[in-house]
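Please look through the chain with the strands in view, since the account below moves from strand pairing to side-chain contacts and ends at the surface.

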Amino acid sequence: MAKLLLAAITITFAISIMAMMMPFFALLLSSTSLGLYQNKDLNKNYRAQIVGYSAMGHPWLEVIEKKGILEKRIFKCTDYQLMDENLDMKIRTAKDIIFKNETDSSLTLTLFYGGPNKTITFNKNTGNIIAIKNL
């Protein structure tokens with residue numbers, strides 16, 4: 001009985017330590033490059049990155065407008081906004097981010113997966129998705 005009690009106390013102690021490490025893990029991921037899955041310069045004005053700053057959250061796609069030292073995030077897109085019938089095409093599994101075109105009000109990107117790819121058109125003013133096409 002004593003051995004079972006010691007094992008239960010040890011396991012409970014280990015689990016409580018892991019739960020308390022979550023904020024420090026998020027701080028580590030957000031302040032270093034460990035949370036960066038992919039970073040790509042799209043053109044001279046924009047760059048895209050796939051980041052995940054949480055051990056329990058899903059990564060997301062961000063497009064950032066370059067303005068010298070200061071940068072402005074244009075929009076953020078998660079897996080749930082891109083979900084369709086193909087559940088294997090998630091943001092974290094994208095191999096490349098390709099810049100398609102830009103108008104005054106929209107920006108079009110292609111997430112390259114190696115098989116069927118996904119083209120996403122975003123509204124630059126609101127950050128909402130206008131259209132999603134599977135290629």
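How many bridges join strand E6 to E7, and in which sense do the two strands run? In this predicted model, strand E6, residues 106-112, is joined to E7 by 6 bridges, and the two run antiparallel. Within this pairing, leucine 107 stands opposite phenylalanine 122 of E7, a residue that returns below. The hairpin of E6 and E7 has 5 residues between the strands, and in it glycine 114 takes a positive phi near 95°.

On the other side of the hairpin comparison stands E8, residues 129-134, which pairs with E7 in the antiparallel sense over 5 bridges. Here threonine 119 stands opposite lysine 133 in E8. The hairpin of E7 and E8 also has 5 residues between the strands, and its glycine 127 takes a positive phi near 85°. Strand E5, residues 96-102, pairs with E6 in the antiparallel sense over 6 bridges, with phenylalanine 99 having leucine 109 of E6 as its bridge partner. The hairpin that joins E5 to E6 does so through 3 residues.

Is E7, which pairs with both E6 and E8, mostly covered or mostly open? Strand E7 is mostly covered, 6 of its 6 residues being buried. The cover reaches both faces of the strand, for Lys118, Ile120 and Phe122 on one side are buried, and Thr119, Thr121 and Asn123 on the other are buried as well.

The aromatic side chains come next, and the count comes to 2 aromatic pairs. In one of them, the ring centres of tyrosine 53 and tryptophan 60 lie 5.6 Å apart with the planes at 85°, and because planes over 60 degrees apart count as edge-to-face, the pair is placed in that class. Tyrosine 53 has a relative accessible area of 28% and is therefore partly exposed, whereas tryptophan 60, with a relative accessible area of 14%, is buried. Another aromatic pair, formed by phenylalanine 75 and phenylalanine 122, is stacked, with 3.7 Å from centre to centre and 20° between the planes. This pair links distant parts of the chain, since phenylalanine 75 belongs to strand E4, residues 70-77, and phenylalanine 122 to strand E7, residues 118-123, the two being 47 residues apart. Both of these phenylalanines are buried. Returning to tryptophan 60, lysine 76 lies over the face of its ring, at 4.3 Å from the ring centre.

Charged side chains add a further set of contacts, and the count comes to 6 salt bridges. In one of these, lysine 66 is paired with aspartate 41, the closest N and O atoms being 3.4 Å apart. This salt bridge links distant parts of the chain, with lysine 66 in strand E3, residues 60-67, and aspartate 41 in strand E1, residues 36-41, 25 residues apart. Lysine 66 itself is partly exposed, with a relative accessible area of 26%.

Which residue forms a salt bridge with glutamate 71? The partner is arginine 47, and the closest N and O atoms of the two are 2.7 Å apart. Because glutamate 71 lies in strand E4 and arginine 47 in strand E2, residues 46-51, the pair ties together parts that are 24 residues apart in sequence. Glutamate 71 counts as partly exposed at 40% relative accessibility, while arginine 47 is buried, with a relative accessible area of 14%.

Strand E4 also contributes arginine 73, which lies there while glutamate 62 lies in strand E3, so their pair ties together parts that are 11 residues apart in sequence. The closest N and O atoms of this salt bridge are 3.0 Å apart. Arginine 73 is partly exposed, with a relative accessible area of 46%, and glutamate 62 is buried, with a relative accessible area of 7%.

The last stop is the surface, where Met22, Phe25, Leu28, Leu34 and Met56 make a nonpolar patch of about 500 Å². One of these residues, methionine 22, lies in helix H2, residues 22-31, and at 32% relative accessibility methionine 22 counts as partly exposed.

How values were computed. Residues are numbered from 1 along each chain as its sequence is written. This is a predicted model: local features need pLDDT of at least 70, side-chain atom pairs count only at pLDDT 80 or more; totals for chains, interfaces and linings use all residues. Side-chain values use heavy atoms; hydrogens and water are left out. Patches are made of residues with over 30% relative accessible area and no salt bridge: like charges are joined within 9 Å, nonpolar side chains (Val, Leu, Ile, Met, Phe, Trp, Tyr) within 5 Å. Accessible areas come from the Shrake-Rupley method with a 1.4 Å probe; for residues, only the protein chains shown count as cover. A salt bridge is a side-chain nitrogen of Lys or Arg within 4 Å of a carboxyl oxygen of Asp or Glu. Helices (H or I, at least four residues) and strands (E, at least two) are DSSP runs, numbered from the N terminus. Buried means under 20% relative accessible area, exposed over 50%, partly exposed in between (1.4 Å probe, protein chains only). Rings of Phe, Tyr and Trp (its six-membered ring) pair if their centres lie within 6.5 Å; planes under 30 degrees apart count as stacked, over 60 as edge-to-face and the rest as tilted. A charge sits over a ring if NZ of Lys or CZ of Arg is within 6 Å of the ring centre and within 35 degrees of the ring normal. Two strands pair if DSSP finds at least two bridges between them.
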